[in-house]
Amino acid sequence: MRRQAAEARSRQTATALPAGQAEQALQAATARLAPRGRLQIQGDRAVRTVDGASGTELQAWWTEARAGARARVVEMQLTRQASGLSGTLVVAWSAAGGPP
């Protein structure tokens with residue numbers, strides 16, 4: 001709990017990234033899970049679609065996206081299937097020079 005609280009405080013005080021840098025971080029994280037989904041960027045949000053990803057793979061992607069792009073999940077719909085997790089995650093970030 002303390003680690004999570006410290007992490008949350010750290011994210012609150014972190015400066016926003018330029019939009020291009022946040023997008024690159026999300027794309028890099030997504031490239032590592034390429035066969036399991038895709039990423040569609042829409043302004044300061046991105047939709048991550050997954051198909052058959054394991055919980056471990058999805059957690060690794062989210063950890064990297066959160067740290068690298070300073071993104072947060074704003075919507076998530078996942079279902080567990082025999083092949084793994086499938087669905088969508090919508091993430092958002094604050095771009096430098098934009099509203100928080």
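Accessible area here is the Shrake-Rupley area for a 1.4 Å probe. By that reckoning the protein chain exposes about 6400 Å², and carbon and sulfur atoms supply 50% of this surface.

**Whole chain**

Keep in mind that this is a predicted model. Colour the chain by pLDDT. The mean is 82, and 77% of the residues reach 70 or more. Confidence is lowest in helix α1, residues 2–13, with a mean of 60. It is highest in β3, at 95.

Now switch to a cartoon view. Three helices and four strands make up the secondary structure. Walk along from the N terminus and the order is α-α-β-β-α-β-β. The chain has 100 residues, and 28% of them are buried. Take the contacts between residues at least 6 apart in sequence: 54% of these join residues at least 24 apart.

**Stop 1: the strands**

Select β1 (37–42) and β2 (45–53). The two run antiparallel and share six bridges. Zoom in on Gln42, whose bridge partner in β2 is Arg45. Two residues sit between the strands of this hairpin. Gly43 takes a positive phi there, near 70°.

Next, add β4, residues 84–92. β2 and β4 are antiparallel and joined by eight bridges. For a landmark, pick Ala53: its bridge partner in β4 is Leu85.

Then add β3 (72–81). Nine bridges join β3 to β4, again antiparallel. Val73 is bridged to Val91 of β4. Which feature do β3 and β4 form, and how many residues lie between them? They form a hairpin, with two residues between the strands.

Stay on β4 for a moment. Is this strand mostly covered or mostly open? It is mostly covered, as seven of its nine residues are buried.

**Stop 2: Ala46**

Select Ala46 in strand β2. Buried or exposed? Ala46 has 0% relative accessibility, and the cut-off for buried is under 20%, so Ala46 counts as buried.

Show what surrounds this residue. Leave aside neighbours within four places in sequence, and Ala46 contacts Leu26, Leu39, Gln40, Ile41, Leu89, Val90, Val91 and Trp93. Draw a distance from Ala46 to Trp93. The C-alpha atoms are 9.0 Å apart, while the residues are 47 apart in sequence.

**Stop 3: the nonpolar core**

Move from Ala46 to Leu26, one of its contacts. Residues up to four places away in sequence are again not counted. On that basis Leu26 touches Leu39, Ala46, Trp61, Ala65, Ala69, Val91 and Trp93.

Now open up the wider group. The largest nonpolar core holds 18 residues. Select Leu26, Trp61, Trp62, Ala69 and Val91, which have the most contacts inside this core. α2, β2, α3 and β4 each supply at least two of the core residues. Which element gives the most? Helix α3 does, with five residues. As a general rule, nonpolar side chains in soluble globular proteins tend to be buried together.

**Stop 4: the salt bridge**

How many salt bridges does the structure hold? There is one. Select Glu57 and Arg36 and show their side chains. The N to O distance is 3.2 Å. Glu57 lies in helix α3, and Arg36 lies in the loop between α2 (19–31) and β1, so the pair ties together parts that are 21 residues apart in sequence.

Check the exposure of both partners. Glu57 is partly exposed, at 25% relative accessibility. Arg36 is also partly exposed, with a relative accessible area of 33%. Both fall in the partly exposed class because that class lies between the 20% and 50% cut-offs.

**Stop 5: Arg70**

Follow α3 (55–69) to its end and step into the loop before β3. Arg70 is in this loop. Look at its backbone: phi is positive, about 55°, although Arg70 is not a glycine. Compare Gly43 in the hairpin of β1 and β2, with its own positive phi near 70°. Is Arg70 buried or partly exposed? Partly exposed, at 35% relative accessibility.

Definitions and conventions
Residues are numbered from 1 along each chain as its sequence is written. This is a predicted model: local features need pLDDT of at least 70, side-chain atom pairs count only at pLDDT 80 or more; totals for chains, interfaces and linings use all residues. Side-chain values use heavy atoms; hydrogens and water are left out. Buried means under 20% relative accessible area, exposed over 50%, partly exposed in between (1.4 Å probe, protein chains only). Contact means heavy atoms within 4.5 Å. A salt bridge is a side-chain nitrogen of Lys or Arg within 4 Å of a carboxyl oxygen of Asp or Glu. Two strands pair if DSSP finds at least two bridges between them. A nonpolar core is a set of buried Ala, Val, Leu, Ile, Met, Phe, Trp, Tyr and Cys residues joined through side-chain atoms within 4.5 Å. pLDDT is the predictor's confidence in each residue, from 0 to 100.
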